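Work through the exercises below with the sequence and the model open. Try each task before reading its solution.

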Amino acid sequence: DVYAQRINSAGTVQWTANGVAICDAARNQTNPVLVADGAGGAIIAWEDQRIDTDYDVYAQRINASGVTQWLVGGKKVSAAINNQISIQIVSDGTQGAILAWTDYRTATNSWDIYAQRIDKWGYWGRPEPVITAAADVPHDEGGRVAVTWTQSRLDAYPEQQIVKYTIWRSTDDLKTWTLRDSIDAYYLDSYMCTAATTADSSSLNQAWQWFKVRAKTLDESYWWESKPMRGHSVDNLAPGMPGALAAEARHAPEGLGLTWAANAEPDLDHYAVYRGVGADFAPATGNRIASPTEALWFDGDWRWNGGFCYKVSAIDAHGNESAFALVTPDNLSGAGEQTAPASSFLGQNFPNPFNPVTKIVFGLKEPAAVSLRVYDAAGRLVAVLVEGGRAAGTHSEIWDGRDVSGRAVSSGIYFYKLTAGQFEQTRKMILLR
């Protein structure tokens, strides 16, 4: 049999007189080896003949008070056929041990070497779950990491001892852990759970956080914990495109006022205003003219004859940029005389489509006799908006959707034509009632 005793530095025995029985099973238990468990106790392994005439490997853990911790008679480490002898033992650093022995199980007239780990609870191998990924949850506003792990081997048939997994997070490099979630065990090969983060990764801070998974049995004193893995969340969902973008020409001071509907995203940081020529210009750092935090901007460099188009986007705190709202010279509103443009023009009515009123802006480089008329799709005259002289500058007129007799016209496509001296231009508009 195998017995053990603890003796203090003065040579005084600390446990039961004549020692504590580690194993008193049938037949012989011989050649014990021992290693400290790191908690004041020890793990003892021995050659055991209880099953038949061949020797197997058994082990037992005893605490500092002399109380055995595992099954009465010890835990079976190896009971392969033939002999397992000459055991060596070292600590695994986590209150368990690693055993190696000489093994004759193949019976080929030669001895082999086998090894096994036994943890602090007396379970062989690696019962803890293993985290395989701690990755950002895609297509969201951030704040979550998807933690994936493989099952504890004690979750699988025939063991089925694990009843729950708990997910923990550390934001201070493994110093403090916070319980984030728990899920029941269902004997699956792998599991996944989303865990909340305290911050999202950005260009200034990666915001790494650590995660671990604990596998638990019905007995709260038995659990196995994965090695930690770090991960971070990313806000990878851009804000919505700013809506209701409008541009109004202003005269005192001269320039263009841009307004749009404010975005509702809680992580909105600012807007970006880009200016270019042509509706297909590409927004870039070089043509960004403003980064306002409010849903408006005034461009004092705008002129009627500049041909400028504007694009506005929303940018969140993590640098995600929305699609671009667009306003072109054809969509501008504004009234009153201004400095004469370099060339006469006829702007696109605004709004378009409209109901029941729309504004038409035109510019004259020099004074001229002006005719501004509205026609239907068949070319019939519908309304006369201007008929007479106008000074050089920018002008605007309102059409209220009525014909020359004052009757409201029906929905449809209409054309408005400007004639001013030698200048002549026609544009299309749509009335939707």
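The structure holds 18 salt bridges, a salt bridge being a side-chain nitrogen of Lys or Arg within 4 Å of a carboxyl oxygen of Asp or Glu. The model is predicted: local features need pLDDT of at least 70, side-chain atom pairs count only at pLDDT 80 or more, and totals for chains, interfaces and linings use all residues. Residues are numbered from 1 along each chain as its sequence is written, and side-chain values use heavy atoms, with hydrogens and water left out.

**Exercise 1. A salt bridge across a gap in sequence**

Task: Find the salt bridge between Asp 37 and Arg 61, and state where each partner lies.

Solution:
- Step 1. Check the distance. The side chains of Asp 37 and Arg 61 meet at 2.9 Å, N to O.
- Step 2. Place the partners. Asp 37 sits in the loop between E3 and strand E4 (42–48), and Arg 61 in strand E5 (residues 56–62). Helices (H or I, at least four residues) and strands (E, at least two) are DSSP runs, numbered from the N terminus.
- Step 3. Draw the conclusion. The partners are 24 residues apart in sequence, so the pair ties those parts together.
- Step 4. Check the surroundings. Both Asp 37 and Arg 61 are buried. Buried means under 20% relative accessible area, exposed over 50%, and partly exposed in between (1.4 Å probe, protein chains only).

**Exercise 2. Two more pairs**

Task: For the pairs Arg 144 with Asp 140 and Lys 212 with Glu 225, decide whether each partner is buried or partly exposed.

Solution:
- Step 1. Take Arg 144 and Asp 140. Their closest N and O atoms are 3.4 Å apart. Arg 144 has a relative accessible area of 35%, so Arg 144 is partly exposed. Asp 140 has 8%, so Asp 140 is buried.
- Step 2. Take Lys 212 and Glu 225. Here the closest N and O atoms are 3.1 Å apart. Lys 212 is in strand E15 and Glu 225 in strand E16; the pair links distant parts of the chain, 13 residues apart.
- Step 3. Read the accessibilities. Lys 212 is buried at 8%. Glu 225 is partly exposed at 27%.
- Step 4. Look for shared partners. Salt bridges that share partners join Asp 92, Arg 117, Arg 126 and Glu 128 into one network.

**Exercise 3. The partners of E15**

Task: List strands that pair with E15, and give the number of bridges for each.

Solution:
- Step 1. Recall the rule. Two strands pair if DSSP finds at least two bridges between them.
- Step 2. Start with strand E12 (residues 164–170). E12 and E15 pair in the antiparallel sense over seven bridges. Ser 170 stands opposite Trp 210 in E15.
- Step 3. Move to strand E17 (residues 229–231). E17 pairs with E15 in the antiparallel sense over three bridges. Gln 209 faces Gly 231 in E17.
- Step 4. Add strand E16 (residues 223–225). E16 also pairs with E15 in the antiparallel sense over three bridges. Arg 214 is opposite Glu 225. E15 and E16 form a hairpin with six residues between them.
- Step 5. Check burial. Seven of the eight residues of E15 (residues 209–216) are buried, so E15 is largely enclosed by the rest of the structure.

**Exercise 4. The nonpolar cores**

Task: Find the largest nonpolar core and name the strands that give two or more residues to it.

Solution:
- Step 1. Fix the term. A nonpolar core is a set of buried Ala, Val, Leu, Ile, Met, Phe, Trp, Tyr and Cys residues joined through side-chain atoms within 4.5 Å.
- Step 2. Count. The largest core has 21 residues; those with the most contacts inside it are Phe 362, Leu 372, Val 374, Leu 385, Trp 399 and Tyr 414.
- Step 3. Name the strands. They are E26 (358–364), E27 (368–376), E28 (381–390), E30 (412–420) and E31 (423–431).
- Step 4. Find the other core. Apart from the largest lies another, of 19 residues, among them Tyr 123, Val 145, Ile 167 and Ala 215.

**Exercise 5. Unusual backbone**

Task: Locate two cis peptide bonds and two residues with positive phi.

Solution:
- Step 1. Phe 350 to Pro 351 is cis, with omega near -5°. Asn 355 to Pro 356 is cis, with omega near 0°.
- Step 2. Pro 351 lies in the loop between strand E25 (345–346) and E26. Pro 356 is in the loop between E25 and E26.
- Step 3. Arg 27, not a glycine, has a positive phi of about 60°. Ala 107, also not a glycine, has a positive phi of about 50°.
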